[in-house]
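User: Please take a close look at one part of this model, the sheet and the helices packed around it, and describe how its residues are placed. I would like one connected account rather than a list.

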Amino acid sequence: MTDRKLALEAWEGLFRAQHELFTAMSADFENTPITQSEYDVLLTVARAPGMTARLRDVTTNMLISQPSVSRLVDRMVARGLITKRADPEDGRGSILTATDAGARSFREVATAHSRSIVERMSALDEEELRHLRRLTEKLRAH
C-alpha cells in the first residue's frame, strides 16, 4: 500500500515544480508573434505529418476545455496561423493545417522556447532526466 503522506508530498512537489517552471517559461512568449496557447496548438499541428492534425488531437493535448480550444482555433484561423476544414472521415470534426505564417511563427518561438526548457532542465543530469521521463510516462499511463 502506498504511503499516503509520501504520495501527497510527491504530488505537491510535482505540481509546484510544474507550476513554477510554467510560470517562469511564460516569459518566453513575451513580444513574440504567437501566444503560449497558440504555440501549444501549433506544437501539435506542426509535429503532425504535413503539418495537419485533427482538432480532437489538438484538444487532447491542450490543458484547456474543448470549447476554449475551439474559440482559440477560430481566432488563429482569423489571424492566418492555421486553416480549418471539415474532417472527411468525421462529420463532426475538423482538420487543422499550419499556414506558412503559422509554421514560421512557431519555429521562431520554438527555437527560443526550447533553449529556455533545456536551460531550466539542466538542474537535472541526463540520468535524472531519463528517470523523470520514465516516471511521468508511468503516471500518465496509470
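Analyst: A useful place to begin is Thr44, which counts as buried because its relative accessibility is 15%, under the 20% that marks the limit for a buried residue. The model is a predicted one, and the description below should be read with that in mind. Thr44 belongs to helix H2, which covers residues 36–47, and its side chain makes a polar contact with the side chain of Asn61 at 3.2 Å. When neighbours within four places in sequence are left aside, the residues in contact with Thr44 are Ala53, Asp57, Val58 and Asn61.

Two of these contacts lead further into the part you asked about, and Ala53 is the one that leads to the sheet. Ala53 stands opposite Leu96, a residue of strand E3, while Thr52 has Thr97 of E3 as its bridge partner. Strand E1 and strand E3, the latter made of residues 90–98, run antiparallel and are joined by 3 bridges. On the other pairing, E2 and E3 also run antiparallel, and here 6 bridges join them; these two strands form a hairpin with 2 residues between them. Within that hairpin, Thr83 stands opposite Thr97 in E3, and the bridge partner of Lys84 in E3 is Leu96. Leu96 is thus a partner of Ala53 as well as of Lys84, and Thr97 is likewise a partner of Thr52 as well as of Thr83.

Taken as a whole, the sheet is open and has 3 strands in the order E1-E3-E2, with antiparallel pairing. Its edge strands are E1, residues 52–54, and E2, residues 82–87, each of which pairs on one side only. Neighbouring strands of the sheet are turned against each other by 25° on average, with direction ignored. E3 is mostly covered, since 7 of its 9 residues are buried. Helix H4, formed by residues 66–79, lies across E2 and E3 and runs at about 125° to E2.

The other contact of Thr44 to follow is Val58, which leads to the nonpolar core. The largest such core has 22 residues, and among them Val41 and Val58 touch the most other members. At least two residues of this core are supplied by each of H2, helix H3 (55–61), H4, E3 and helix H5 (100–121). Beyond its neighbours within four places in sequence, Val58 is in contact with Val41, Thr44, Val45, Ala53, Val69 and Leu96. That list includes both Ala53 and Leu96, the pair that stand opposite each other across E1 and E3.

A last view returns to helix H2, where Ala46 is also found. Apart from neighbours within four places in sequence, Ala46 is in contact with Met51 and Phe106. Ala46 and Arg107 are separated by 61 residues in sequence, whereas the distance between their C-alpha atoms is 9.1 Å.

Methods: Residues numbered from 1 in each chain as written. Predicted model: local features only at pLDDT ≥ 70, side-chain atom pairs only at ≥ 80, totals over all residues. Heavy atoms only, no water. Pairing = 2+ DSSP bridges. Helix = DSSP H or I, 4+ residues; strand = E, 2+ residues; numbered from the N terminus. Axes fitted to C-alpha atoms, helices over the stretch in contact; angles between N-to-C directions. Contact = heavy atoms within 4.5 Å. Buried < 20%, exposed > 50% of the residue type's maximum accessible area, 1.4 Å probe, protein only. Polar contact = N/O pair within 3.5 Å; in protein donor to acceptor, adjacent residues only side chain to side chain. Core = buried A, V, L, I, M, F, W, Y, C linked by side-chain atoms within 4.5 Å.
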